[in-house]
Amino acid sequence: SSCRQDHWHQHCQASKMKPTTSTGEILEGTLPGRLLVRPSRKREGVIQMFKPKDSCLPAYQQEDQRMCTTDAWCWGAPGEPNTLSQRTVDLGSLGARDVLVENQAIAFNPVDWKLVEHGHRDWKPGQVPGVDGMGRIAAIGDEVRHLRIGTRVAYHTDLRGHGSFAKHTAVPARAVMAVPSALTDEVAASMPCPGLTAWQALSKLPDVAGETLLIAGAAGSVGQFATRLALQQNARVFASASARHHEWLRKLGVQAVADYHDSDWIDQLRKANGGQSFGSIIDLVSAEQAANLVDHLGYYGHIVAVLGRVDPNPLPAFGRCVSLHEIALGAAHQHASDQQWHELVHAGESILDQLTSGAFAAPPIKTGHFDELSTFLSEYKNEGQGTKYIVTVD
């Protein structure tokens, strides 16, 4: 990424000149390693730049269009992950309510390779994919008051803009979560998408304390968080997972676990529940499976379909009166209120705290380097089940 602005500031110091904007305005009070840019009246936002040791931040130029360039992996057309190309990307002007994050770790999620394969309605060639990452805040927009430059943050970002597969990412300020100092970059990056999705799924349900809850797909990234969160709320959790995960799920406190490879897995779990239906179900497999599980809900039961929507309701009206719910974490960037984001960020920071304390166990992690991102994403697609793949950025 470019460091021309830092070099410009050093030149001003060496020549004993005071830094100025392109309009000639003198910038008072600037300090070594920190540059305050006061834009002309035609520009919107005040951008503060900070250069930590051993890092090189992008440059916001002093023209009417302040541009930031960075190294990124770009999408060109629907295809395999190895079709991504590494190039320099212009991130454009930093929004007044955004922050620029200098990424230190980037996490993969299934949605990443799926979107690379199939595209997104808002994407054009040159799009930077990726939804999850963590790093340090390198710049803030002029309407951001609650964050400081240099703070370690994790984030889930908006798919409509450039994503996390870059050395720098512009992120809505309301969406970043402070990372505890004792938590590693890799574990922090692994949390946002699965952790926040799990929290959203639980928040769709009424009070689950003492109630039966079936989690289908409990050993996946989202399922692990959902299981731990539900147990914290004193739910009586039943789970489906492959056989290799049964022991640790039982040790967590799950009532019964069945192998989803068995054709009668749901019958096994109902038998373990005394032959009764379930008060709530979270399905992490598919909309089709979720629709099939609706019949295993009791009166006024709830089902949350994380991967799709159950539509229409497969049960007749005025019967068990079950409630159908869907999850779309990415849609929060477009539709959620500031208050809803405040609650979501608070939940995410609580999970990060529990990962730090050991109350929540970190998932198995495999790391790769930024320069090998496309190859590493291909490996994740083909072999990554049950393991969190993280790319580190030097």
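This passage covers the overall makeup of a predicted model, then the surroundings of threonine 169 and the cysteines.

Starting with the broad picture, the protein runs to 394 residues, and 52% of them count as buried. Its secondary structure works out at 11 helices and 17 strands. As for how the chain packs against itself, take the contacts with a separation of 6 or more: 61% of these come from residues 24 or more positions apart. On the outside, the accessible surface adds up to about 18,200 Å², with carbon and sulfur atoms supplying 48% of that area.

Zooming in, threonine 169 sits in strand β8, which spans residues 168-172. Its relative accessibility is 1%, so threonine 169 falls in the buried class, for which the cut-off is under 20%. The side chain of threonine 169 has polar partners. One is the side chain of asparagine 103, joined to that of threonine 169 by a polar contact of 2.9 Å. Another is the backbone oxygen of glycine 163, which lies 3.1 Å from a polar atom of the threonine 169 side chain. Both partners also turn up among the residues that threonine 169 touches once those up to four places away in sequence are set aside: Val99, Leu100, Val101, Asn103, Tyr155, His162, Gly163 and Ser164.

Then there are the cysteines. A disulfide is a covalent bond between the sulfur atoms of two cysteines. Searching the whole structure turns up zero disulfides. Cysteine 193 has a relative accessible area of 14% and is therefore buried, while cysteine 321, at 37%, is partly exposed.

How values were computed:
Residues numbered from 1 in each chain as written. Predicted model: local features only at pLDDT ≥ 70, side-chain atom pairs only at ≥ 80, totals over all residues. Heavy atoms only, no water. Helix = DSSP H or I, 4+ residues; strand = E, 2+ residues; numbered from the N terminus. Buried < 20%, exposed > 50% of the residue type's maximum accessible area, 1.4 Å probe, protein only. Polar contact = N/O pair within 3.5 Å; in protein donor to acceptor, adjacent residues only side chain to side chain. Contact = heavy atoms within 4.5 Å. Areas by Shrake-Rupley, 256 points an atom, 1.4 Å probe, with all protein chains shown as cover. Disulfide = S-S within 2.5 Å.
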